[in-house]
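Colleague: I would like to go through this model with you and hear the reason behind each label. Keep it short, please.
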Amino acid sequence: MDSNKYPIERRYIDRRSNVRPGTRLVTGNPAFFVAHDTGNPGATAEAHYRYLDRQTERTASAHVFIDDTRILEIIPTGTGADPAEQAYHVVRNVKTDNELYGYDANHAALGIELCFGGSIVFAAAYQRLVWYMGLCCSKWGKTPSTHIVSHRQLDPARKRDIDQALAVGGKTLGDLIRDVTAEMASAVRPAPEAAKLPADVRDHVIVSYIQPARHAALQQGLQEEAAHYERLAANVRAAAAGAGLPKSNAQEIIYSWLSPAWFAAKQAGGDAGRYNQMANALRVCAGIPLD
Ligand SMILES: [Zn+2]
């Protein structure tokens, strides 16, 4: 997967016993991931940061808030340099987390909150959530179908998240898990490899055009012009080795030599097509659309 698709912002709330006890997860790295939504339509990641940074009464928090423009970690998760800490995102007296994973969620899991509703664009927030969960599963060798659990699954008597927020965008928990799995499998798009200039085109261009032009320049005492043709020949050799060709070089060769040769061959009833093929080979190497 592409681990640089979105930036992760880290702006931690102060350590305080009711929101950020400052204790490491008992498992070191996160053992599973609890999918939450904020239950607060229209409230952004920034709004939750401000709220929790000031909160002194309620014992409740989560590690990361994701909206349509940012992924904001407010308690260390371990995705960056700071080791994962505990947060309070699932009430302690539920037993489901212990049965499924052997730990209280607050001691071993990350609480990941999706912001939704109001002016928050669902698709943009959802894509960030999918990517973030994929990154976490990938980093710690977890499987989305077993290591992502919704708050509702852990505490069905009291909670409806993350399902209620996913429903805003017509998604289900099953969709989320499938999308995270697909995100993890998606390849990073590699930089396109430059096409190699065919050796016969390289030889023809250098021997028939560039070397005679260099020779003529030297005979006229035009040292700079001769040096230009030497660089041009070097670039054409490099293009045959797969290095690509500067656009200006391709254009110069086409306009100075191949186009006139094409025209002359056409007038004489000869094989004009080969000049067109050579021009196109140069265009491909230079990333110029074909004529
Ligand atoms: Zn929740």
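Colleague: How does α9 pass α11, in a left-handed or a right-handed crossing?

Modeller: The crossing of α9 over α11 is right-handed. Bear in mind that this is a predicted model.

Colleague: What makes α9 oblique to α11?

Modeller: The axes of α9 (residues 199-219) and α11 cross at roughly 120°. Roughly perpendicular covers 65 to 115, and roughly antiparallel starts over 145. The angle fits neither class, so α9 counts as oblique to α11. The two axes come within 12 Å.

Colleague: Which residues meet there?

Modeller: From α9, V205, Y209, I210 and A213. From α11, I253, W257, L258 and A261.

Colleague: Why is α10 called roughly perpendicular to α11?

Modeller: The axes of α10 (residues 223-240) and α11 (residues 247-267) cross at roughly 110°. The class runs from 65 to 115, so this angle falls inside it. The axes come within 11 Å, and the crossing is left-handed. On the α10 side the contact is made by H228, Y229, L232, N235 and V236. On the α11 side it is made by N249, E252, I253 and W257.

Colleague: At what angle do α4 and α8 pack?

Modeller: At about 65°, with the axes 8 Å apart. The crossing of this pair is right-handed. The α4 residues in contact include Y126, W131 and C137. Those of α8 include D175, L176 and E183.

Colleague: E183 has a charged partner too. What makes E183 and K5 a salt bridge?

Modeller: Their closest N and O atoms are 2.9 Å apart. The limit is 4 Å, so the pair qualifies. E183 lies in helix α8 (residues 173-185) and K5 in the segment before β1, so the bridge ties together parts 178 residues apart in sequence.

Colleague: Is each partner buried or partly exposed?

Modeller: E183 has a relative accessible area of 12%. Buried means under 20%, so E183 is buried. K5 stands at 40%. That value is between 20% and 50%, so K5 is partly exposed.

Colleague: How do you know that R11 and E9 form a salt bridge?

Modeller: Their closest N and O atoms are 3.9 Å apart. The cut-off is 4 Å, so the pair counts. Both ends are partly exposed: R11 has 27% and E9 has 28%.

Colleague: What about E85 and R15, how far apart are their closest N and O atoms?

Modeller: They are 3.5 Å apart. Within 4 Å is the requirement, so this is a salt bridge as well. The pair links distant parts of the chain, 70 residues apart. E85 sits in the loop between β4 and α2, and R15 in the loop between β1 and β2. E85 is buried at 5%. R15 has 55%, which is over 50%, so R15 is called exposed.

Colleague: Which residues are joined into one network by shared partners?

Modeller: E9, R11, E46, R50 and R70. The structure holds 15 salt bridges.

Colleague: What makes H36, H151 and D161 donors of the zinc ion?

Modeller: They coordinate the zinc ion at 2.0 to 2.1 Å. A donor must lie within 2.8 Å, so these three qualify. The two histidines use ND1, and D161 uses OD. Along the chain, the spacing is H-x114-H-x9-D. H36 is in strand β2 and D161 in the loop between α6 and α7, 125 residues apart.

Colleague: Why are H36 and D161 called buried?

Modeller: H36 has 1% relative accessibility and D161 has 5%. Both values are under 20%, so both residues count as buried.

Colleague: Which peptide bond is cis?

Modeller: The one from D161 to I162, with omega near 15°. I162 is found in the loop between α6 and α7.

Colleague: One more histidine. Why is H48 called buried?

Modeller: H48 has a relative accessible area of 8%, and the limit is under 20%, so the label holds. H48 is placed in helix α1 (residues 45-54). Beyond its neighbours within four places in sequence, H48 contacts T38, N40, A43, F65 and C115.

Note on methods:
Residues numbered from 1 in each chain as written. Predicted model: local features only at pLDDT ≥ 70, side-chain atom pairs only at ≥ 80, totals over all residues. Heavy atoms only, no water. Salt bridge = Lys/Arg side-chain N within 4 Å of Asp/Glu carboxyl O. Helix = DSSP H or I, 4+ residues; strand = E, 2+ residues; numbered from the N terminus. Buried < 20%, exposed > 50% of the residue type's maximum accessible area, 1.4 Å probe, protein only. Donors = N, O, S within 2.8 Å, 3.2 Å for Na, K, Ca; no water. Axes fitted to C-alpha atoms, helices over the stretch in contact; angles between N-to-C directions. Left-handed = near helix turned anticlockwise from the far one by under 90°. Contact = heavy atoms within 4.5 Å.
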